[in-house]
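The exercises below are meant to be worked with the sequence and the model side by side. Try each task before reading its solution.

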Amino acid sequence: MYDKEEVLAEIDEESEYLCAFIAFQVNKVEGEGLPFYADEAEATRRYPFFKKCVDDVKGYNAETDETQFEVNF
């Protein structure tokens with residue numbers, strides 16, 4: 001869903017970041033990477049880091065046409 005450079009580049013409004021954050025959590029594969037968020041407090045703590053990660057990846061993708069970076073949070 002959000003694994004394409006063009007889709008990530010379009011995320012620039014708070015509602016879009018939040019939608020991506022929720023979609024990322026819902027589509028996690030159990031047992032891979034960080035576990036599911038335990039509760040609302042944990043999700044609230046992680047959200048600003050997720051937004052920064054998205055912005056960082058968007059910046060990396062803007063620097064080169066040879067490599068595509070994805071969010072892995």
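The expected span of a helix is 1.5 Å times one less than its number of residues. The structure used throughout is a predicted model.

**Exercise 1. Determine how the span of helix H2 compares with the expected span.**

Step one is to locate the element, and helix H2 covers residues 14-26, which makes 13 residues. Step two is to take the distance from its first C-alpha to its last, which is 18 Å. Step three is to set this beside the expectation at 1.5 Å a residue, which is also given as 18 Å, and the helix comes out close to it.

**Exercise 2. Find which residues of H2 are buried, and state which helix they pack against.**

Begin with the cut-off, since a residue counts as buried when its relative accessible area is under 20%. By this criterion the buried residues of H2 are Tyr17, Ala20, Phe21, Ala23 and Gln25. Looking next at what covers them, one finds that these buried residues pack against helix H3, which spans residues 40-63.

**Exercise 3. Explain why Gln25 counts as buried, and describe its surroundings.**

Gln25 has its place in helix H2. Its relative accessibility is 15%, and therefore Gln25 counts as buried. Leaving aside residues up to four places away in sequence, Gln25 touches Phe36 and Tyr37. Pro35 offers a further reference point, for Gln25 and Pro35 are ten residues apart in sequence and 9.4 Å apart in space, C-alpha to C-alpha.

**Exercise 4. Decide whether Leu8 is buried or exposed, and relate its position to that of Asn61.**

Leu8 lies in helix H1, residues 5-9. With a relative accessible area of 2%, Leu8 is buried. Leu8 and Asn61 are separated by 53 residues in sequence, while their C-alpha atoms are 9.3 Å apart in space.

**Exercise 5. Characterise the protein chain as a whole, from its elements to its charges.**

First, the chain has three helices and zero strands, and from the N terminus its elements run α-α-α. Second, a compact globule of 73 residues would have a radius of gyration near 11 Å, and the chain, at 12 Å, agrees with this. Third, 27% of the 73 residues count as buried, and among contacts between residues at least 6 apart in sequence, 50% join residues at least 24 apart. Fourth, the chain exposes about 5,300 Å², of which carbon and sulfur atoms supply 54%. Finally, there are 7 positive and 19 negative side chains, and the centres of these two sets lie 7 Å apart.

Definitions and conventions
Residues are numbered from 1 along each chain as its sequence is written. This is a predicted model: local features need pLDDT of at least 70, side-chain atom pairs count only at pLDDT 80 or more; totals for chains, interfaces and linings use all residues. Side-chain values use heavy atoms; hydrogens and water are left out. Helices (H or I, at least four residues) and strands (E, at least two) are DSSP runs, numbered from the N terminus. Buried means under 20% relative accessible area, exposed over 50%, partly exposed in between (1.4 Å probe, protein chains only). Contact means heavy atoms within 4.5 Å. The radius of gyration is taken over C-alpha atoms; the globule rule is 2.2 Å times the number of residues to the power 0.38. Accessible areas come from the Shrake-Rupley method with a 1.4 Å probe; for residues, only the protein chains shown count as cover. Lys and Arg count as positive and Asp and Glu as negative; His and the chain ends are not counted. The place of a charge is taken as NZ of Lys, CZ of Arg, CG of Asp or CD of Glu.
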